[in-house]
Amino acid sequence: MASLAMDDEATGVKIIQRAANNLVGNMGDHLVSNTVDRNYKSCFGVSLSVTYMMWCWLDCNNEGPEGATIVHLLWSLLFLKTYGTYDQLAGVCKVHRDTYRKWVWLLITRMAFLDDVVSLNSNPYPLVILKY
């Protein structure tokens, strides 16, 4: 799995945001962080911070498939959020349908085995971790 060499969460979130901008267009870099995160979440179904945590878990625990990148994780999140056809989403991602399908399902099967489900809450409690 290709490591992003993220030293801290702020750096990791910026890298993920840049990859998302390249994938689906401008998410609003110049806007306040709440707006950027809301735009990101509307496309991918989770916040930038949760994406960062997922990537760190996949990368640090060597759970991700060999050769996977953050872009492949974004493809998977986009698929799970929209559940569009392979042809539609491969077109959005500008890749062949078979390449898209391969990486989406490799990462979705890895995500299915995450031990912790992490979600950021809008209430005063910053983080909720649920064990299954």
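Before looking at any helix pair I fixed my terms: angles under 35 degrees count as roughly parallel, over 145 as roughly antiparallel, 65 to 115 as roughly perpendicular, and the rest as oblique. I also note at the outset that this is a predicted model.

**Entry 1: α4 against α5**

I looked up the packing of helix α4 (residues 70–82) on helix α5 (residues 86–93), and found an angle of about 135 degrees with the axes 11 Å apart. I therefore enter α4 and α5 as oblique to each other, and I add that their crossing is right-handed.

Which residues in α4 and α5 meet? From α4 I list Trp 75, Leu 78, Phe 79 and Thr 82, and from α5 I list Tyr 86, Leu 89, Val 92 and Cys 93. Sorting the residues of this contact by character, I get 7 nonpolar, 1 polar and no charged.

**Entry 2: the rings around Phe 79**

I then turned to the aromatic pairs, of which the structure holds 5. One of them joins Phe 79 and Tyr 86, with 5.7 Å centre to centre and 5 degrees between the planes, and I record this pair as stacked. Phe 79 and Tyr 86 are also among the residues I listed where α4 meets α5.

Is Phe 79 buried or exposed? I find a relative accessible area of 4% for Phe 79, so I enter this residue as buried.

Phe 79 also pairs with Trp 105, and here the ring centres are 5.6 Å apart while the planes stand at 70 degrees, so I call the pair edge-to-face, the term for planes over 60 degrees apart. Because Phe 79 lies in helix α4 and Trp 105 in helix α6 (residues 97–111), I note that this pair ties together parts that are 26 residues apart in sequence. For Trp 105 I have 34% relative accessibility, so I count this residue as partly exposed.

I close the entry with the grouping: Phe 79, Tyr 83, Tyr 86 and Trp 105 form one aromatic cluster.

**Entry 3: two loop residues with positive phi**

I checked Tyr 83, a member of that cluster, and placed this residue in the loop between α4 and α5. Its phi is near 50 degrees, which I flag as a positive value in a residue other than glycine. With a relative accessible area of 60%, Tyr 83 is exposed.

Where does Lys 94 lie? I place Lys 94 in the loop between α5 and α6, and I record for this residue, which is not a glycine, a positive phi of about 60 degrees. At 71% relative accessibility I count Lys 94 as exposed.

Technical notes
Residues numbered from 1 in each chain as written. Predicted model: local features only at pLDDT ≥ 70, side-chain atom pairs only at ≥ 80, totals over all residues. Heavy atoms only, no water. Axes fitted to C-alpha atoms, helices over the stretch in contact; angles between N-to-C directions. Helix = DSSP H or I, 4+ residues; strand = E, 2+ residues; numbered from the N terminus. Left-handed = near helix turned anticlockwise from the far one by under 90°. Contact = heavy atoms within 4.5 Å. Nonpolar A, V, L, I, M, F, W, Y, C, P; charged D, E, K, R; others polar. Phe/Tyr/Trp six-rings, centres within 6.5 Å; stacked < 30°, edge-to-face > 60°. Buried < 20%, exposed > 50% of the residue type's maximum accessible area, 1.4 Å probe, protein only.
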